[in-house]
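Visitor: I am new to this structure and would like a close look at a single part of it. Please take me through that part slowly, one residue after another.

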Amino acid sequence: ESGLYVFVDVYGHDSFSMAKKMDVDGYKIHSEDLLNTDFILEVCRSNKIVMIGVGAAKRIEINELIRYINDNISHPKIIFMTGVQTFPTPVEAHSIKEVIDLIDKYSKYGVKVGFSDHVEGDQEEAHILPLMALSGGASVIEKHFILDKSIGGPDAHFSLDEKEFAEMVKAVRITEQMMGKVDYEMTEKKKKSRQFSRSLFI
């Protein structure tokens, strides 16, 4: 009813067994489990969306993982989540080019790419980075959310509160519209602007 999708973090076979009993839309596997390929394969066989953290992965590890999955499952629903696993993450440690590169390398396998942002929540960059990732082709933005920062907690300082999160979502939706599409057809607005085109006659 609210339009929200529910994902569960899973850490190993036991937690996945518990998560399967819940009516969720998908799962997230952290980069710490990237080499646990049998576990990842088990989760991917759920036929639900699986986010896999690759922020701490070597390229050869990602290559071997995607080959292993595709050798055993047809059309897996995978999203590679990239982002530096440092909390909070210094702004200069991020790389939007990595988002673009992952899309370029793995979209042929049907893989989508998301961006995990752990920049300090009160920094201006906490709102800019998600928009840059979206412009780079990211399909998912991961951002930590907290109702009240004053309650503290391990991720309070790089989370967004309700107001900040709403502002970020609004900016993301506007950016999605601005991304537009490749279209060289003559719209009415384009035709109108061409009335003022200059021509040179010799």
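Is F80 buried or exposed, and what is its relative accessible area?

Guide: Before anything else, please keep in mind that this is a predicted model. F80 is buried, because its relative accessible area is 0%, and the cut-off for that word is under 20%.

The ring of F80 is a good place to begin, since the structure holds four aromatic pairs, and one of them is formed by F80 and Y106, whose rings meet edge-to-face at 5.5 Å centre to centre with 85° between the planes. F80 lies in strand 4, which covers residues 78-82, while Y106 belongs to helix 4, residues 96-106, so that the pair ties together parts that are 26 residues apart in sequence. Y106 also counts as buried, because its relative accessible area is 2%. These two rings do not stand by themselves, for ring pairs link F80, Y106 and Y109 into a cluster.

From Y106 we can follow helix 4 to its contact with another helix. The axes of helix 3, residues 59-72, and helix 4 come within 12 Å and cross at roughly 35°, and the crossing of these two helices is right-handed. On the side of helix 3 the contact is made by R59, I62, N63 and I66, and on the side of helix 4 by D101, L102, K105 and Y106, so Y106 takes part both in this helix contact and in the aromatic pair with F80. Sorted by class, the contact of helix 3 with helix 4 has four nonpolar residues, one polar residue and three charged residues.

For a setting to hold beside this one, consider F145 and F165, which form another edge-to-face aromatic pair, with 5.4 Å centre to centre and 75° between the planes. F145 lies in the loop between strand 6 and helix 6 (162-179), and F165 lies in helix 6, so this pair ties together parts that are 20 residues apart in sequence. F145 is partly exposed, with a relative accessible area of 42%, and F165 counts as partly exposed at 25% relative accessibility, whereas F80 is buried and Y106 is buried as well.

Strand 6, residues 140-143, offers one last stop, at E142. E142 is buried, because its relative accessible area is 19% and the word applies under 20%. Leaving aside residues up to four places away in sequence, E142 touches K28, M81, F115, S116, D117 and H118.

Note on methods: Residues are numbered from 1 along each chain as its sequence is written. This is a predicted model: local features need pLDDT of at least 70, side-chain atom pairs count only at pLDDT 80 or more; totals for chains, interfaces and linings use all residues. Side-chain values use heavy atoms; hydrogens and water are left out. Helices (H or I, at least four residues) and strands (E, at least two) are DSSP runs, numbered from the N terminus. Buried means under 20% relative accessible area, exposed over 50%, partly exposed in between (1.4 Å probe, protein chains only). Contact means heavy atoms within 4.5 Å. Rings of Phe, Tyr and Trp (its six-membered ring) pair if their centres lie within 6.5 Å; planes under 30 degrees apart count as stacked, over 60 as edge-to-face and the rest as tilted. Axes are lines fitted to C-alpha atoms, for helices over the stretch in contact, and angles run from 0 to 180 degrees between N-to-C directions. A crossing is left-handed if the near helix is turned anticlockwise from the far one by less than a right angle, and right-handed if clockwise. Ala, Val, Leu, Ile, Met, Phe, Trp, Tyr, Cys and Pro count as nonpolar, Asp, Glu, Lys and Arg as charged, and the others, Gly among them, as polar.
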